[in-house]
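Hi everyone, thanks for coming. I'd like to walk you through one structure today, so let's put it up on the screen.

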Amino acid sequence: MTTVTTEFFPGFGDAQLALHRLGQGRPVVLLHGLFSSAEVNWIKFGTAAQLAEAGFECLMPDLRVHGQSAAPHDPGAYPQDVLVRDLESLVAHLGLTDFDLVGFSLGSRTSARAVIAGMRPRRLVLSGMGLEGLAGWARRQDFFLDVIDRFGTIKRDDPAYFSQQFLKTMGVDRVAARLLLGTMADTDPAELAAITMPTQVLCGDQDNDNGSAERLAEVLSDAVLTFIPGTHMSCVTRPEMGRELVAFLRG
């Protein structure tokens with residue numbers, strides 16, 4: 001097994017974004033979740049290693065404001081769908097023309113919006129995502145804005161407590177995070193008709209954080225629905241995550 005390497009590439013506005021690589025073979029871009037990182041979602045618990053062993057090259061950026069990537073405070077660095085622009089910059093930087101695209105949570109949202117904007121991966125995986133997480137994002141956004149605004153004062157019995165602790169653990173820049181949250185708009189379910197490639201909707205069997213995975217799979221033209229054990233936070237720690245990704249992407 002090769003080791004993970006890290007390099008940097010210019011995203012929108014030349015923001016320096018980190019890219020972690022593992023393996024050789026068919027390229028698969030993996031986008032992590034909100035306030036997480038490539039390390040936490042894909043590397044730490046072995047998902048990337050499983051893909052690499054199966055003959056994939058894992059291309060794992062840290063999204064803007066996350067991990068080792070830049071977190072600018074300039075509002076001009078946060079146009080609408082800036083994460084899609086960053087993903088487009090990565091694809092262009094690497095010269096990718098035939099690749100697979102995998103997202104988890106915010107990464108799924110970014111992946112779906114990128115395909116709607118014209119990106120055409122061979123296969124697409126939307127994990128940790130339901131229809132409401134795309135069409136009703138504004139409610140989810142308000143929840144995280146509240147966590148940022150009340151950071152440091154949220155008590156253990158508050159539903160927002162765990163999110164506060166996760167932000168603290170990950171060392172998230174809250175000024176930049178607030179700006180980033182403002183770049184995300186709801187996705188009209190009708191727009192999902194643009195997603196025509198084979199798609200896996202992959203979700204923890206106790207994960208309802210982003211709404212109904214079943215409803216998301218139903219509105220997509222070529223989707224398979226797969227459940228693995230776990231909640232929104234715990235499913236990425238499970239070996240089933242990597243196994244199901246390998247099975248679908250090999251198909």
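**Cavities, a pocket and some rings**

Let me start inside, with the largest cavity: helix 3, residues 82-94, gives the largest share of its lining, four residues. Before I go on, please keep in mind that this is a predicted model.

So what is the volume of that largest cavity? It comes to about 70 Å³. Its lining is made of Phe9, Leu17, Leu31, Pro61, Asp62, Leu63, Arg64, Leu83, Asp86, Leu87, Leu90 and Thr110. If you sort those residues by class, you get eight nonpolar, one polar and three charged.

How many cavities of 30 Å³ or more does the structure hold? There are two. The second largest has about 50 Å³ of space. Around it you will find Asp81, Val82, Leu83, Val84, Leu106, Arg109, Thr110, Arg113, Thr183 and Met184. Helix 3 and helix 4 each bring at least two residues to this lining, and helix 4 has the largest share, with four. The classes here are five nonpolar, two polar and three charged.

You may have spotted Thr110 in the lining of the largest cavity, and Thr110 is also in the lining of the second largest. Let's stop at that residue for a moment. Thr110 belongs to helix 4. Is Thr110 buried or exposed? With a relative accessible area of 3%, Thr110 counts as buried, because the cut-off for buried is under 20%. Leaving out residues up to four places away in sequence, Thr110 is in contact with Leu31, Leu83 and Val84. Of those partners, Leu31 lines the largest cavity, Val84 lines the second largest, and Leu83 turns up in the lining of the largest as well as in that of the second largest.

Now for the open space. The largest pocket holds about 530 Å³. Which residues are closest to its centre? Of the 34 residues in the lining, they are Phe162, Phe166, Asp209, His232 and Met233. Four elements are listed as giving two or more residues to this lining: helix 1 (38-43), helix 4 (106-116), helix 6 (137-149) and helix 7 (161-170). Helix 7 gives the most, with six residues. If you care about the chemistry of the wall, the lining splits into 17 nonpolar, 12 polar and five charged residues. Helix 4, then, contributes to this pocket and also to the second largest cavity.

On to the rings. Searching the whole structure turns up two aromatic pairs. One of them is Phe35 with Phe144, an edge-to-face pair at 5.5 Å from centre to centre, with 90° between the planes. Phe35 sits in the loop between strand 3 (26-31) and helix 1, while Phe144 is in helix 6, so this pair ties together parts that are 109 residues apart in sequence. Both Phe35 and Phe144 are buried.

The other pair is Phe143 with Phe144. Why does this pair count as edge-to-face? The ring centres are 5.2 Å apart and the planes are at 75°, and the cut-off for edge-to-face is over 60 degrees, so the pair qualifies. Taken together, the ring pairs link Phe35, Phe143 and Phe144 into a cluster. How do Phe143 and Phe144 compare in exposure? Phe143 is partly exposed, with a relative accessible area of 26%, whereas Phe144 is buried, at 9%.

Two charges also sit over rings. The charged end of Arg123 lies over the ring of Phe248, 4.7 Å from its centre. The charged end of Arg64 lies over the ring of Tyr78, at 6.0 Å from the ring centre. You have met Arg64 already, in the lining of the largest cavity.

One last stop: Leu59, in strand 4, residues 56-61. Leu59 is buried, with a relative accessible area of 1%. Where does the chain bring Val29 relative to Leu59? The two are 30 residues apart in sequence, yet their C-alpha atoms are 4.7 Å apart in space. Not counting residues up to four places away in sequence, Leu59 touches Leu19, His20, Arg21, Pro27, Val28, Val29, Leu30, Leu94 and Leu96.

That's my tour. Thanks for listening, and I'm happy to go back to any of these spots.

How values were computed: Residues numbered from 1 in each chain as written. Predicted model: local features only at pLDDT ≥ 70, side-chain atom pairs only at ≥ 80, totals over all residues. Heavy atoms only, no water. 1 Å grid on protein atoms, 1.4 Å probe; cavity = no way out; pocket = protein on both sides within 12 Å on 5 of 7 lines; lining within 4 Å. Points joined across faces, edges and corners; volume = space filled by probe spheres on them. Nonpolar A, V, L, I, M, F, W, Y, C, P; charged D, E, K, R; others polar. Buried < 20%, exposed > 50% of the residue type's maximum accessible area, 1.4 Å probe, protein only. Contact = heavy atoms within 4.5 Å. Phe/Tyr/Trp six-rings, centres within 6.5 Å; stacked < 30°, edge-to-face > 60°. Lys NZ or Arg CZ within 6 Å of the ring centre and 35° of its normal.
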